[in-house]
Amino acid sequence: MNLNPISVSFNLSDGREVTIETGKLARQADGAVVVRMGNCMLLATVVANREPKPGQSFFPLTVDYQEKFASAGRIPGSFFKREGRLNDYEVLVSRLIDRALRPLFPDDYVCDVQVIVTLLSSDNEVMPDALACLAASAALAVSDVPVQEMISEVRIGRVNGEYIVNPTRTQLKDADMDFIIAATEKNIMMVEGEAHECQEADLIKAIEIAHEVIKHQVKVQHELRAKLGLTAKRDYTKPYTNTELEARIASFGADKIHQVAKGALGKHERTEAFHAIRDEFKASLTEGELKEEDLKLIGNHFHDLEKKVIRNMMLDERVRLDGRKLDQVRDLAMEIDYLPSPHGSALFTRGETQSLTTVTYGTSEDELLIESAATSAYSNFILHYNFPPFSTGEVKFLRAPARREVGHGNLAKRSLYQMMPKEDYPYTVRIVSDVLESNGSSSMATVCAGSLAMMDAGIPFPKHVGGVAMGLISGENGKFAVLTDILGDEDHLGDMDFKVTGTRDGICGIQMDIKVDGLSMDIMMQALEQANRGRMHILDAMYNCISEPRAELKAHAPRIEQLNIEREFIGAVIGPGGKIIQEIQRETGATINIEEVGNEGVIKVFSANKESIDKAMAWIKGIVAIPEIGATYEGTVKSIMPFGAFIEFMPGKQGLLHISEVSWKRLDSLEGVLNEGDTVKIKLIGTDPKTGKLRLSRKVLMEKPEGFVEPERREGGDRGDRGDRRDRGGDRGDRRSNDRGGDRRDRGDRGDRRSNDRGDRPASQRTEYANNNEQTNTTEAIQPQQQITPDVDDSDLKL
């Protein structure tokens, strides 16, 4: 078989080549391409059903982006060792593609379409999400699926003031702006990203740069389509319509809908009023007047009429559904410390949208592992967004977070992260936003509530981050209306909705979807400026609620203390098999984490109880401390031997208190003097030069008995001149001969050496002997008769 692929290519501004190839892989799909840049290869496929499902009334587009771990030479870490459901990163990339592609299809096209983008080969420096939408659009371009235009998507990063198209992974680490922009040859379709307090003009410049690059990439797709000789798209079955019925509904309901729309009703009251108009129309029909298929169209026609009437009302009368002005923010209510037990909490209410948000502190053991094919990293900042069905008054099954929840939570996380302390912050922080009511922009409520809760928790958060959702409605003759703080219904019927977050000094995050052609940059700039005014209004209210982080953590919030130690002490703190660190955690109740960073060990002690932290820190400091000769310590008797006691005077440090160093008196045993578990005060007087054992003394800290006389130490010269040992042989006879007085067995006249017939020595002799052999000081080594080595592990006795 001879596979002859067809390809086109183009270069980015820095010379990197991008190739689009078709005809070699996945040939049974309606369209399939491989996009390659460096070692990064993406396969994009598209398949569309020829006919819609019976009764289908909406466009069922499915977009899935997935990464094969084999693309980076890795095996998945799951139990089954295979790729499973899409992770959050894959869901977010899927949303980027979906939001850009969906507006390209005709309004009356309702056939199922599935787009799958797969990472086949990974490149450590190429970000595949910036190429995924290009691949999806190219797959549609080489198919006959009826899309109206082709698009592409690029990432714009700003590094040291320079705007870079599709920056490398390394460059992106230093970027203060990171935006992904999708566009057709004529119009911007989607913007998403984050920035460290950029200005509105900076965002517009990034969009303009991206659009110029995208125009060229769209032309390349047209070239590929021309190479394939494709000229037409497939025909498709259009949904059944009845123009007479549509006109009759407009005549019946337009004025009634207008009156309801101007009534400034609440969400549920307005919905019920619109349904009442539909029911009234249905009641006006005679039985059998409309065919079954016409009855099914009533809901769709009323929906279209409501949208048209409300849009015209806003454009012509500058009136909104709830009676507000176009640039007016709904009423605000904020409260911190609402929940007594969490480490931080806030309740944020804006109109009929409400978020209850909590902050929880954790340790580095609670960090979230974020894995993709090319990367594996831990994050100490986590945000989860929950959208239960009761928030909109609906009944639904509780399931895992949907794609919408993942996307909204990601926008809030990226926005708040810009103000998080970065360097050496010891905590893992988890924010959870539970949306209790929703009528427009619950993600922006999450940002505001999250900022309030973080300051309530005492996180060193330098500035509040707020957010507002904006909408735009455009009409004929250049008419348009920019709406601040949009409702759910206004989001649905608008031509553009975008969410902007930031501080008083700049933008931190943005998510923009544009559904209309011909939106000029001037209109977009005006919308961004109006969003800035709305954000400032909300931020002022947030600062009135809490202006700076709590100076102290709440009493029940856990504390973390950090200690840096020399690398060689890490093993001593951990102990064999983790024995020491487990004992510290068990005895103190604190959680301890040890990490090797460079040439140091970083120890973090975590507990809600300060006494627990202090006890664990003292224990660890004792382990890593170096004993000082001449220093005084308090120790615990660990074991008693006939020759002395082993004393633990520092965590993990034991020394020998010889029986001769216990007291100025001579002791035959330690019975009744010391017991295991006793606390004694001792002095470190030196180390054994042979064994390295630590030598302790108790008596040097005791007052010397009155009249006690230290015996003179005998030096080697005091024993007199013993003569030349070689001349003594004649006097003592040859020790090797047998002339030593007969058989040794016949020496019984000397008495049994094991008996007590030798008599007792006088007490004065015994005292003199003891004093000569047991007296020590803090600088001398232990005498030979004291070097008794017990049959125990002495590794902890050494310096």
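Strand S10 (residues 188-198) and strand S21 run antiparallel and are joined by six bridges. This pairing comes from a predicted model, so please read it in that light. S21 also has a second partner to look at, strand S20 (residues 496-503), which pairs with S21 in the antiparallel sense. After the strands come two loop residues with a positive phi, Asn 160 and Arg 318.

**Strand S21 and its partners**
- Strand S21 covers residues 506-514 and is mostly covered, with nine of its nine residues buried.
- On the S10 side, Cys 198 stands opposite Ile 507 of S21.
- On the S20 side, eight bridges hold the antiparallel pairing with S21.
- Asp 497 has Asp 513 in S21 as its bridge partner.
- A hairpin is formed by S20 and S21, with two residues between the strands.

**Asn 160, a loop residue with positive phi**
- Most residues other than glycine have a negative phi.
- Asn 160 is not a glycine, yet its phi is positive, at about 55°.
- You will find Asn 160 in the loop between strand S7 (151-159) and strand S8 (162-165).
- Asn 160 counts as exposed because its relative accessibility is 78%, and the cut-off for exposed is over 50%.

**Arg 318, a loop residue with positive phi**
- Arg 318 is not a glycine either, and has a positive phi of about 55°.
- The loop that holds Arg 318 lies between helix H8 (297-317) and strand S11 (332-336).
- With 40% relative accessibility, Arg 318 counts as partly exposed.

How values were computed
Residues are numbered from 1 along each chain as its sequence is written. This is a predicted model: local features need pLDDT of at least 70, side-chain atom pairs count only at pLDDT 80 or more; totals for chains, interfaces and linings use all residues. Side-chain values use heavy atoms; hydrogens and water are left out. Helices (H or I, at least four residues) and strands (E, at least two) are DSSP runs, numbered from the N terminus. Buried means under 20% relative accessible area, exposed over 50%, partly exposed in between (1.4 Å probe, protein chains only). Two strands pair if DSSP finds at least two bridges between them.
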